[in-house]
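Biologist: I have a predicted model here. Let us go through its pockets, then one residue.

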Amino acid sequence: YTILSKVHSDRNVYPSAGVLFVHVLEREYFKGEFPPYPKPGEISNDPITFNTNLMGYPDRPGWLRYIQRTPYSDGVLYGSPTVENVGKPTIIEITAYNRRTFETARHNLIINIMSAEDFPLPYQAEFFIRNMNVEEMLASEVLGDFLGAVKNVWQPERLNAINITSALDRGGRVPLPINDMKEGVYVMVGADVPFSSCLREVENPQNQLRCSQEMEPVITCDKKFRTQFHIDWCKISLVDNTKQVSTFQEVIRGEGILPDGGEYKPPSDTLKSRDYYSDFLITLAVPSAIALVLFLILAYIMCCRREGVEKRNMQTPDIQLVHHSAIQKSTKELRDMSKNREIAWPLSTLPVFHPVTGEIVPPLHTDSYDNTSMPLMQTQQ
């Protein structure tokens with residue numbers, strides 16, 4: 001059902017097109033590749049990670065996937081080869097990194113895809129297993145148990161595992177780290193006989209109604225899987241390739257599809273020269289002329305249209321001018337008087353006792369002190 005091989009330097013493998021291919025990158029093999037080389041019987045547990053890519057390219061082929069949970073677990077290459085790559089050797093470069101010593105080791109895996117005589121199998125079913133991760137399902141014994149359960153339910157003559165896909169690659173979410181929840185995995189199998197009545201029970205109207213209400217459908221053969229595999233029967237997909245007829249549908253252009261504009265025709269190399277003098281005049285000269293005219297009009301209004309002080313006085317009554325002149329003179333006199341006056345300090349703010357001896361002393365006044373002012377406190381006389 002699957003090709004399982006250990007890693008070796010320049011190893012050749014021969015998977016079949018349309019059949020699940022699994023290749024394990026074992027850490028135990030690479031531990032002896034990094035110095036200091038362990039002695040016989042010595043145990044080392046260095047963290048090792050792997051990088052896989054198609055020779056001459058930064059990534060792997062589209063049909064080949066790679067997974068490694070932690071640096072302390074083995075890496076796994078898996079996927080389903082396509083018919084287009086039959087007869088073309090695919091060289092995968094495997095680079096191992098020792099995360100403790102930063103040493104690297106490189107090996108080549110040569111994949112020679114062979115054509116399968118019984119491919120494609122016409123009847124294909126895809127199951128969604130909720131209690132498994134992809135690396136757990138890729139183990140040969142677990143995958144063998146699942147295919148055995150499917151064979152008991154389906155009863156085919158030929159049964160192959162076609163592909164395995166993680167639920168995360170289908171848009172699933174990472175589960176919460178509680179109750180040992182799993183990501184889930186899709187497993188596609190193919191057979192040469194029509195689907196059994198047990199698998200057809202998913203298409204019943206009652207089960208379809210229960211699935212639409214997010215309820216678990218009633219499947220008679222579910223007990224044959226329940227002991228080890230929890231299958232979501234609402235997500236099972238049954239494909240009968242014998243009834244599918246390829247039909248050509250004409251593309252109807254609508255909104256979102258641009259019309260065909262023909263081939264691109266670049267401009268000619270021999271372009272005519274163009275005079276931009278008129279464009280310059282329109283862009284700069286015209287706005288400048290308008291701004292100059294507005295400036296002249298404003299200057300005439302502000303400078304040439306002033307009435308002046310004399311004309312204002314001639315139009316003002318004499319009595320109003322006399323009052324205005326008197327107010328100006330009075331204001332000027334008051335301001336001059338306020339500048340020359342000096343205010344005497346109140347007696348309440350002057351010292352009464354000597355700061356050293358404590359004797360009573362008369363208040364000291366400057367020469368400009370006004371003796372005619374009344375003291376604030378009569379007892380200080």
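Biologist: By class, how many residues of each kind are in the lining of the second largest pocket?
Modeller: Ten residues line that pocket. Among those nearest its centre are Val24, Glu135 and Leu138. By class, the lining has six nonpolar, one polar and three charged residues.

Biologist: Which elements give two or more residues to the lining of the second largest pocket?
Modeller: The pocket holds about 160 Å³ of space. One strand and one helix meet that count: β3 (21–25) and α3 (140–154).

Biologist: Where does the second largest pocket lie with respect to domain 1 (11–113) and domain 2 (123–243)?
Modeller: Look at who supplies the lining. Domain 1 and domain 2 both give residues to it. The second largest pocket therefore lies between them.

Biologist: Which residues are closest to the centre of the largest pocket?
Modeller: The largest pocket has a volume of about 290 Å³. Its lining has six nonpolar, three polar and seven charged residues. Of the 16 lining residues, the closest to the centre are Phe128, Arg173, Lys182, Glu183 and Lys235.

Biologist: Is asparagine 98 buried or exposed?
Modeller: Asparagine 98 lies in strand β7 (residues 90–98). Its relative accessibility is 2%. The cut-off for buried is under 20%, so asparagine 98 counts as buried.

Biologist: Which residue has its backbone nitrogen 3.4 Å from a polar atom of the side chain of asparagine 98?
Modeller: Set aside neighbours within four places in sequence, and asparagine 98 is in contact with Phe34, Asp46, Pro47 and Glu103. The backbone nitrogen at 3.4 Å belongs to threonine 101.

Technical notes
Residues are numbered from 1 along each chain as its sequence is written. This is a predicted model: local features need pLDDT of at least 70, side-chain atom pairs count only at pLDDT 80 or more; totals for chains, interfaces and linings use all residues. Side-chain values use heavy atoms; hydrogens and water are left out. On a 1 Å grid over the protein atoms alone, a cavity is a set of points where a 1.4 Å probe fits but cannot get out, and a pocket is an open set with protein on both sides within 12 Å along at least five of seven lines; lining residues have an atom within 4 Å of a point. Grid points are joined across faces, edges and corners, and a volume is the space filled by probe spheres set on the points. Ala, Val, Leu, Ile, Met, Phe, Trp, Tyr, Cys and Pro count as nonpolar, Asp, Glu, Lys and Arg as charged, and the others, Gly among them, as polar. Helices (H or I, at least four residues) and strands (E, at least two) are DSSP runs, numbered from the N terminus. Domain bounds come from an automatic or database domain assignment. Buried means under 20% relative accessible area, exposed over 50%, partly exposed in between (1.4 Å probe, protein chains only). A polar contact is a pair of N or O atoms within 3.5 Å; within protein, one must be able to donate a hydrogen and the other to accept it, and residues adjacent in sequence count only if both atoms are side-chain atoms. Contact means heavy atoms within 4.5 Å.
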